[in-house]
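Subject: Handover of a structure, with notes on what was found

Dear colleague,

Please find below the structure that I am handing over to you. My notes on it follow, arranged by topic.

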Amino acid sequence: MFCELILWNPTTRRFKILADDYFDRNFERNAATGGMYFDESNDLKVLHINRYRNVLNARVYSHRRESWRKINSLNVTNYASTYYSWSPGIYSGRSIYFMVSNYWFPPGERHMVAFDVVSETFSTIPFPEVLDLNPWQGHFLSIEMKLHVIVVGRSENLYVDLFKFEDEAWVKE
C-alpha cells in the first residue's frame with residue numbers, strides 16, 4: 001500500500017512531501033492522526049501518530065531541519081488497537097488534544113490524550129463528568145486558546161453542553 005504525508009500551504013499553493021520509507025512499511029488504513037504547531041523558535045512541527053500492528057508510534061517532523069524524529073508515546077497499549085478511533089488533533093494553549101474512543105469493548109469507552117508541544121510528552125486527561133449519557137460524543141473547540149468540548153448525547157432527552165478545560169479540570173460553561 002502506498003502512503004504519502006503532504007505539508008501544503010494553501011496561501012502559496014505549494015506543498016512538500018514529508019513521507020519517507022517509514023510510511024510504506026508502517027501503515028494501516030485509518031490508523032494515523034496528528035497535528036501541527038510552531039515551537040518556541042518558530043519552527044513548524046508536524047506530529048504524526050500511527051498505529052501499526054497494535055503498536056503506537058509517534059514522530060515529529062521539523063520543517064527547519066527537514067527531518068523526522070521519533071518521540072516517546074503513551075505507554076497505553078490499548079490505544080494502538082484497531083478497536084480505538086483517534087480524532088484529528090486540535091491545538092489549544094500549548095497542547096494538541098485527541099479524543100480516543102472505543103465503541104466496541106466496553107461500549108462507549110472514551111479518553112482524551114494531550115500532547116504538550118513544549119516538553120513533547122503525552123498525557124491523558126479525563127472527560128467531563130456527564131451523568132448517565134451513553135452513547136455521547138465530544139467535539140473539541142479552541143476558544144481564546146482554551147480547550148473546550150461540546151458534549152452531545154441522549155438518555156431520555158437530547159443533551160448538549162459546553163465545558164472548558166481549566167486548571168486541570170472541566171468547568172461547565
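Two strands are said to pair if DSSP finds at least two bridges between them. That term is needed for strand S10 (residues 109–116) and strand S11 (residues 121–125), which are joined by 5 bridges and run antiparallel. Please note also that this is a predicted model.

Confidence of the model

The pLDDT of the protein chain averages 82, and 83% of the residues score at least 70. Where in the chain is confidence lowest, and where is it highest? The lowest value belongs to helix H1 (residues 21–25), with a mean of 57, and the highest to strand S8 (residues 90–92), at 93. Where pLDDT is low, the predicted coordinates should not be read in detail.

The pair S10 and S11

Within this antiparallel pair, Phe115 has Phe122 in S11 as its bridge partner. The two strands form a hairpin with 4 residues between them, and in this hairpin Glu120 takes a positive phi near 55 degrees.

Glu109 also belongs to strand S10. Which residues does Glu109 touch, once its neighbours within four places in sequence are left aside? They are Tyr84, Val100, Ser101 and Asn102. Of these contacts, Tyr84 lies 25 residues away from Glu109 along the chain, and the C-alpha atoms of the two are separated by 9.1 Å.

The sheet S3-S4-S5-S6

An open sheet is formed by 4 strands in the order S3-S4-S5-S6, with antiparallel pairing. Its edge strands are strand S3 (32–38) and strand S6 (67–71), each of which pairs on one side only. On average, and with direction ignored, neighbouring strands of this sheet are turned by 25 degrees against each other.

Inside the sheet, strand S4 (residues 44–52) and strand S5 (residues 55–62) run antiparallel and are joined by 8 bridges. In this pair, Asn50 stands opposite Asn57 in S5. Strand S5 is also joined to S6, by 5 bridges and again in the antiparallel sense. Here the bridge partner of Ser62 is Ser67 in S6. The hairpin of S5 and S6 has 4 residues between the strands, and Glu66 takes a positive phi near 55 degrees in it.

The sheet S12-S13-S14-S15

A further open sheet has 4 strands in the order S12-S13-S14-S15, and its pairing is antiparallel. Why is one side of strand S12 (136–143) and of strand S15 (169–172) left without a neighbour in the sheet? Both strands stand at the edges and each has a single partner strand, so one side of each has no neighbour there. From one strand to the next, the twist averages 30 degrees.

Strand S13 (residues 146–154) and strand S14 (residues 158–166) run antiparallel, with 7 bridges joining them. Among the bridge partners are Val149 with Phe163 in S14 and Val152 with Val160 in S14. The hairpin that joins S13 to S14 does so through 3 residues.

Strands S14 and S15 pair over 4 bridges in the antiparallel sense. Phe163, the partner of Val149 in S13–S14 pairing, has Lys172 as its bridge partner in S15. The hairpin of S14 and S15 has 2 residues between the strands, and Asp167 in the turn has a positive phi of about 55 degrees.

The largest pocket

The volume of the largest pocket is about 230 Å³. Which residues line the largest pocket? The lining consists of Leu7, Trp8, Asn9, Pro10, Thr12, Arg14, Phe15, Lys16, Met36, Leu44 and His63. By class, 6 of the lining residues are nonpolar, 3 are polar and 2 are charged. Strand S1 (6–9) and strand S2 (14–17) each supply at least two residues of this lining.

Yours sincerely

Definitions and conventions. Residues are numbered from 1 along each chain as its sequence is written. This is a predicted model: local features need pLDDT of at least 70, side-chain atom pairs count only at pLDDT 80 or more; totals for chains, interfaces and linings use all residues. Side-chain values use heavy atoms; hydrogens and water are left out. On a 1 Å grid over the protein atoms alone, a cavity is a set of points where a 1.4 Å probe fits but cannot get out, and a pocket is an open set with protein on both sides within 12 Å along at least five of seven lines; lining residues have an atom within 4 Å of a point. Grid points are joined across faces, edges and corners, and a volume is the space filled by probe spheres set on the points. Ala, Val, Leu, Ile, Met, Phe, Trp, Tyr, Cys and Pro count as nonpolar, Asp, Glu, Lys and Arg as charged, and the others, Gly among them, as polar. Axes are lines fitted to C-alpha atoms, for helices over the stretch in contact, and angles run from 0 to 180 degrees between N-to-C directions. pLDDT is the predictor's confidence in each residue, from 0 to 100. Contact means heavy atoms within 4.5 Å.
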